[in-house]
Amino acid sequence: MEDLYYSDYIELDKILNSQHPKSFESLEEGNDEMLFIIIHQVYELWFKQILFELDLVRHIFIRDRINDNSDDLSRVVQKLKRIGKILELINQQVSVLETMTALDFLEFRNVLLPASGFQSKQFRLIEAKLGLKLEQRYKKQYYKATRRGSLSAADLGEIDTAEHEPALKELIIRWLERMPYLDEQFWNDYTQSSEAVHEDRHKFWADYREAYRNSLSQNEEARLAEFDKVFFDEGRGNIPPAAMRAALFITLYRNLPIFHLPFELLNTLSEIDELLSNWRYRHFLMVRRMIGLRVGTGGTSGSGYLEGTLSQHYAFREITEVATFLIERSKRPSLPNALKEKVSFNL
Ligand code: HEM
C-alpha cells in the first residue's frame, strides 16, 4: 500500500483551490478580497470544529444519567473549554481583517452583494445548539425572511431542525434538575440556623433565604422577592426553579470535591457566552469602521442590528446571573455531615 501523503490526507488541494476573488484576475490589480475570502473560510472551519465538539457534548448529555464515576463530565468540560479556546482565537483574528481599511473594502464590496456573514449557517447552528431561541433574537423578523441576502430555504430548514432538537442548554437544565443532594436522607442531622419556616421549601433554603436577606443593603430589598420568584415560583428565563436552585447550590459549595466539575461546567458555559459576545462586539466595531452606518449586504440595518444582538444573544445568561444571589462564604449554612460524607473523597 502506498504511504499516505500529507496533502492527500488533509485534502489540501481542495482547500487551496477554493479562493476565487471576483474583483481581480491578476496580481497587479490584486486587492484585499483574497484576505476577505480566506478569513471567512478560516472562521467557517473553526465553526465546523465548534459544532463537532458541541454535538459530542450534547450526545453525552442526552442520556438520562451522567455517570459521576465515569469520565463523562470531565470530557464534557474538556470539550467546552476547547470551544472557549477556539473562540479566543477567532476573536483575535478580527484584527487581521482590520488591517484592511474602509476604502480597501469598497474596492470589492459591490461584487459580493447580497452575500453576507448573516447567511452563515454554521454560526446560526452554533447559536441554536447552544440554546439561543428564535423568540430571544433581536429583530427576529430578519431570521426567517427569504428575501435577497437571507438564508437559503435549505439552510433555514437545517437551522429549524436544530432549533427543535434538545439544545445544550436544555440538556444542562435536565441534568441540574436531577441533582440529588437535597434529598431528605442526607439532611437528618442538619441544624437549622434560622427560625424561618416555609412549608413548601427545604429547610436549607429557608436558612439560605434568611442569610441572603441579611446580606442585602436597604436599596436592594426588592431582591428578596426576586429570590423567591427565581428559585421557587417561576424560575428565570426558560430555566425552572429546581434547576436554578441546583446551579446556585453548586456555585456555593464548589469547594466540595463532587461539585468541582459541575462548577467548572457552569463556569465554562458563562465563559462561552462571554467569548461569543466578545466576538459580536469586535465584529460590530469592525463593521462600523468598514461601512459606518450603511445597511449590510445581508439587508439588515448593519451595525445597528449587530449592536442590538449584543445585549440579547446569550444562551446561558441566567446561569451567569446566579451571582446575583450569592452570599459571602462565611455566611453559608453549614452542610450536614451525612451530605458532606457523600460528596467528599474521604472524611
Ligand atoms: C469587512 C468585514 C465585515 C463586514 C463589513 C461585515 C458586515 C456584516 C454586517 C453588516 C452584518 C449584518 C447582516 C447584514 O445585513 O449583512 C454581518 C453579519 C454577520 N457577519 Fe459580518 N462582516 C464582516 C466580516 C465578517 C467575518 C470575517 C465573519 C466571520 C465569519 C463574519 C460573520 C458574520 C456573521 C456570523 C454575521 C451574523 C451575525 C448575527 O446575525 O448575529 N463577518 N456582517
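This is a short walk through the helices of one protein model and a few of the places where they pack.

Hi everyone, thanks for having me. Please keep in mind throughout that this is a predicted model.

Let me begin with the overall picture. The protein has 16 helices and 0 strands. Its C-alpha trace spans about 80 × 65 × 35 Å along the principal axes. Of the 347 residues, 22% count as buried. As for contacts, if we take those with a separation of 6 or more, 72% of them join residues 24 or more positions apart.

Now to a pair of helices. How do H3 and H9 pack, and at what angle? H3 covers residues 33–61 and H9 covers residues 168–177; their axes are 10 Å apart and meet at an angle of about 30 degrees. Angles under 35 degrees count as roughly parallel, and H3 and H9 are therefore roughly parallel to each other. Their crossing is left-handed.

Which residues make that contact? On the H3 side we have Leu54, Val57, Arg58 and Phe61, and they meet Leu168, Leu171 and Trp175 of H9. Sorted by character, the residues of this contact come out as 6 nonpolar, no polar and 1 charged. If you have the structure open, Arg58 in H3 is a good one to click on, since arginine counts as charged.

Next stop, helix H14, residues 303–312. Its buried residues are Ser303, Leu306 and Thr309. Looking down the axis of H14, you would find these buried residues within an arc of 115 degrees, so they line one face of the helix. And what does that set of residues pack against? The partner is helix H13, residues 257–291.

Finally, I'd like to zoom in on a single residue, Ala246, which sits in helix H12, residues 241–252. Is Ala246 buried or exposed? The cut-off for buried is 20 or more other C-beta atoms within 10 Å. Ala246 has 22 C-beta neighbours inside 10 Å, so it counts as buried.

Who are its partners from elsewhere in the chain? Leaving aside residues up to four places away in sequence, Ala246 touches Leu176, Glu177 and Met179. Take Met179 as an example: it is 67 residues from Ala246 along the chain, while the C-alpha atoms of the two are separated by 6.5 Å. Leu176 and Glu177 bring us back to H9, which runs over residues 168–177.

That's my tour, and I'm happy to take questions.

Technical notes: Residues are numbered from 1 along each chain as its sequence is written. This is a predicted model: local features need pLDDT of at least 70, side-chain atom pairs count only at pLDDT 80 or more; totals for chains, interfaces and linings use all residues. Axes are lines fitted to C-alpha atoms, for helices over the stretch in contact, and angles run from 0 to 180 degrees between N-to-C directions. Helices (H or I, at least four residues) and strands (E, at least two) are DSSP runs, numbered from the N terminus. Angles under 35 degrees count as roughly parallel, over 145 as roughly antiparallel, 65 to 115 as roughly perpendicular and the rest as oblique. A crossing is left-handed if the near helix is turned anticlockwise from the far one by less than a right angle, and right-handed if clockwise. Two residues are in contact if their C-beta atoms, placed from the backbone, lie within 7 Å. A residue is buried if 20 or more other C-beta atoms lie within 10 Å of its own, exposed if 12 or fewer, and partly exposed in between; C-beta atoms are placed from the backbone. The arc is that of the directions from the helix axis to the C-beta atoms.
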